[in-house]
Amino acid sequence: MAKENQTATDMAYEAACKLFEEWNIDCKSIDFIIFSTQSPDYFLPASSCVLQHRLGILITAGAFDYDLGCSGYAYGLAMAKSFVDSGLAHNVLLLTGDTISKYLHPEDKNRILFGDGATATLVSDNGFAEIGETIYGTDGSGVEAII
C-alpha cells in the first residue's frame, strides 16, 4: 500500500528514476511518455505531463495518460511498440501507477485484489529484446462485480 501522502505519480516517478539509473538512460533521449493509471493525482493536468517535468524529459516529448486496470501494462506495451514501429518515437517511457487502496473502504475484503504500485519500462528502437504480436480481447460483462 502506498504511504498516506504518496500518489501514483510519485511511485511512477520513483520507478522511472530507478530505470534511468540502473540502465544508464539519459532522460533527454525519451521522446514519448505513456502513463496508465486509474488513480491520477489530478483531473487536470495529465499525470504524464507532470512526470515529464519532474523527470527532466524534454518538452518536445509527447505524453498522455490512459485509464486501464489490469490490462494497462499490456496495452501500453502494444501502444509503445506501435509508436516505435511507425517511427513516431524512438524511445517510449511506459509508466504504470495506481493507488487504488485509497479508494477502497478499509474493511472491504477485496483489498487484497487491488494493490498499489508502479512500473517503468523503456520501449526503444535500439534494444536487446523484441515485443511480439499482440492479441486483444475485451469482456465488460463483469462490470457489476467491480463497481
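Reader: Helices (H or I, at least four residues) and strands (E, at least two) are DSSP runs numbered from the N terminus, right? So how many helices and strands does the protein chain come to?

Author: Four helices and four strands. This is a predicted model, where local features need pLDDT of at least 70 and side-chain atom pairs count only at pLDDT 80 or more, while totals for chains, interfaces and linings use all residues. Residues are numbered from 1 along each chain as its sequence is written, and side-chain values use heavy atoms, leaving out hydrogens and water.

Reader: In what order do the elements run?

Author: Starting at the N terminus, the protein chain goes α-β-α-β-α-β-β-α. Its radius of gyration is 16 Å, close to the 15 Å that the globule rule gives for 147 residues, so the chain is as compact as a globular protein of that length. That radius is taken over C-alpha atoms, and the rule is 2.2 Å times the number of residues to the power 0.38.

Reader: OK, the sheet. What's the strand order?

Author: β2-β1-β3-β4, in an open sheet of four strands with mixed pairing. Two strands pair if DSSP finds at least two bridges between them.

Reader: Which strands stand at the edges?

Author: β2 and β4 (117-124) do. Each has a single partner strand, so one side of each is left without a neighbour in the sheet.

Reader: And β1 with β2: parallel or antiparallel?

Author: Parallel, with five bridges joining β1 (residues 32-36) to β2 (residues 62-66). Between these two strands the chain passes through helix α2 (residues 47-55), making a right-handed β-α-β crossover. Right-handed means that, with the strands pointing away from the viewer, the path from the first strand over the helix to the second runs clockwise. To find the pairing on screen, look for Ile 34 opposite Phe 64, and for Phe 35 with its bridge partner Asp 65.

Reader: Which strands does helix α3 lie across?

Author: Helix α3 (residues 72-86) lies across β1, β2, β3 and β4, at about 20° to β4. The axes are lines fitted to C-alpha atoms, for helices over the stretch in contact, and angles run from 0 to 180 degrees between N-to-C directions.

Reader: I've clicked on Val 84. Buried or exposed?

Author: Val 84, found in α3, has 12% relative accessibility and therefore counts as buried. The cut-offs are under 20% relative accessible area for buried and over 50% for exposed, with partly exposed in between (1.4 Å probe, protein chains only). Across the protein chain, buried residues make up 36% of the 147.

Reader: What does Val 84 touch?

Author: Leaving aside residues up to four places away in sequence, Val 84 touches Ala 89, His 90, Val 92, Val 123, Ser 124 and Asp 125. Contact here means heavy atoms within 4.5 Å. Asp 125 is 41 residues from Val 84 along the chain, yet their C-alpha atoms are separated by 6.1 Å.

Reader: Switching to backbone oddities. Where's the cis peptide bond?

Author: Between Leu 44 and Pro 45, with omega about 0°. Pro 45 is in the loop between β1 and α2.

Reader: What about Asn 24, what's its phi?

Author: Near 50°, a positive value in a residue other than glycine. Most residues other than glycine have a negative phi, and most peptide bonds are trans. Asn 24 belongs to the loop between α1 and β1, and at 72% relative accessibility that residue counts as exposed.
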